Amino acid sequence: MKTKEQLVQLGIEGFKADEIMLLQEKMMEHAVKFQFRKKSGEVRDAVGTTKRALMVLPSGELWAPKGPQKPEGPTTIGYFDLEKQMWRSFICTEFIGLVEG
């Protein structure tokens, strides 16, 4: 989990930093909808979590990872993509925002 100080070091401050902090906190307990810009420039709508109990396969079984959680890099945030059923990450500076609903 990125700290506010780490986000400031990346040049992310104010509302955007607060929203990234909120995203990380919410993903520890819930599935969260959010958006970020991919390297290609495309906007990605994602639904993610870091709570293992929410990592459920379409069959209803809990997802059993074959390896460890994808490590976060110094500029990325990792999450389990509930649509793709795999660990993913995005670059902090490319975070757009939380999606309501």
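Select Phe-34, Phe-36, Tyr-79, Phe-90 and Phe-95, and show their side chains: ring pairs link these residues into a cluster. The model on the screen is a predicted one. Across the structure there are eight aromatic pairs.

**Stop 1: Phe-36 and Phe-90**

Keep Phe-36 and Phe-90 and hide the rest of the cluster. These two rings form a stacked aromatic pair, with 5.1 Å from centre to centre and 20 degrees between the planes. Now colour the strands. Phe-36 is in strand β1, residues 32-37, and Phe-90 is in strand β4, residues 86-91. The two residues are 54 places apart, and the pair links distant parts of the chain.

Are these two rings buried or exposed? Phe-36 counts as buried because its relative accessibility is 6%, and the cut-off for buried is under 20%. Phe-90 has a relative accessibility of 2%, so Phe-90 counts as buried too.

**Stop 2: Tyr-79 and Phe-90**

Leave Phe-90 selected and add Tyr-79. The ring centres of Tyr-79 and Phe-90 are 6.2 Å apart and the planes meet at 55 degrees, so this pair is tilted. Tyr-79 belongs to strand β3, residues 76-81, while Phe-90 is in strand β4. The pair therefore ties together parts that are eleven residues apart in sequence. Tyr-79 has 0% relative accessibility, so Tyr-79 counts as buried.

**Stop 3: the loop between β3 and β4**

Next, select Lys-84 and Gln-85. Lys-84 lies in the loop between β3 and β4, and Gln-85 is in the loop between β3 and β4 as well.

What is the phi of Gln-85? It is near 60 degrees, a positive value in a residue other than glycine. Most residues other than glycine have a negative phi.

Compare how far each residue is covered. Gln-85 counts as buried because its relative accessibility is 19%, and buried means under 20%. Lys-84, at 47% relative accessibility, counts as partly exposed, because that label covers values between 20% and 50%. To place Lys-84 in the fold, add Met-27 and draw a distance between the C-alpha atoms. Lys-84 and Met-27 are 57 residues apart in sequence and 16 Å apart in space.

**Stop 4: Val-56**

Keep Gln-85 on the screen and select Val-56. Val-56 sits in the loop between β2, residues 43-49, and β3. Which residues does Val-56 contact, leaving aside neighbours within four places in sequence? They are Glu-61, Leu-62, Trp-63 and Gln-85. Gln-85 thus brings back the loop of the previous stop, between β3 and β4.

At 32% relative accessibility, Val-56 counts as partly exposed. For another distance, add Val-32: the C-alpha atoms of Val-56 and Val-32 are 15 Å apart, and the residues are separated by 24 places in sequence.

**Stop 5: Ile-12**

Move to the helices and select Ile-12. This residue is in the loop between α1, residues 4-9, and α2, residues 14-27. Is Ile-12 buried or exposed? Ile-12 is buried, with a relative accessible area of 3%.

Show what surrounds Ile-12. Not counting residues up to four places away in sequence, Ile-12 touches Leu-7, Ala-17, Ile-20, Cys-92 and Thr-93. Then add Gln-35 and draw a C-alpha to C-alpha distance: Ile-12 and Gln-35 are 16 Å apart in space and 23 residues apart in sequence.

**Stop 6: the whole chain**

Clear the selection and show the full cartoon. How many helices and strands does the protein have? It has two helices and five strands, and along the sequence they follow the pattern α-α-β-β-β-β-β. The radius of gyration is 13 Å, close to the 13 Å that the globule rule gives for 101 residues, so the protein is as compact as a globular protein of that length. Along its principal axes, the C-alpha trace spans about 40 × 25 × 25 Å.

Look at contacts between residues at least 6 apart in sequence: 51% of them join residues at least 24 apart. Of the 101 residues, 33% are buried.

Finish with the surface view. The accessible surface comes to about 6200 Å², and 55% of it belongs to carbon and sulfur atoms. To end, colour by charge: the protein has 15 positive and 14 negative charges, and their mean positions are 6 Å apart.

Note on methods: Residues are numbered from 1 along each chain as its sequence is written. This is a predicted model: local features need pLDDT of at least 70, side-chain atom pairs count only at pLDDT 80 or more; totals for chains, interfaces and linings use all residues. Side-chain values use heavy atoms; hydrogens and water are left out. Helices (H or I, at least four residues) and strands (E, at least two) are DSSP runs, numbered from the N terminus. Buried means under 20% relative accessible area, exposed over 50%, partly exposed in between (1.4 Å probe, protein chains only). Contact means heavy atoms within 4.5 Å. The radius of gyration is taken over C-alpha atoms; the globule rule is 2.2 Å times the number of residues to the power 0.38. Accessible areas come from the Shrake-Rupley method with a 1.4 Å probe; for residues, only the protein chains shown count as cover. Lys and Arg count as positive and Asp and Glu as negative; His and the chain ends are not counted. The place of a charge is taken as NZ of Lys, CZ of Arg, CG of Asp or CD of Glu. Rings of Phe, Tyr and Trp (its six-membered ring) pair if their centres lie within 6.5 Å; planes under 30 degrees apart count as stacked, over 60 as edge-to-face and the rest as tilted.
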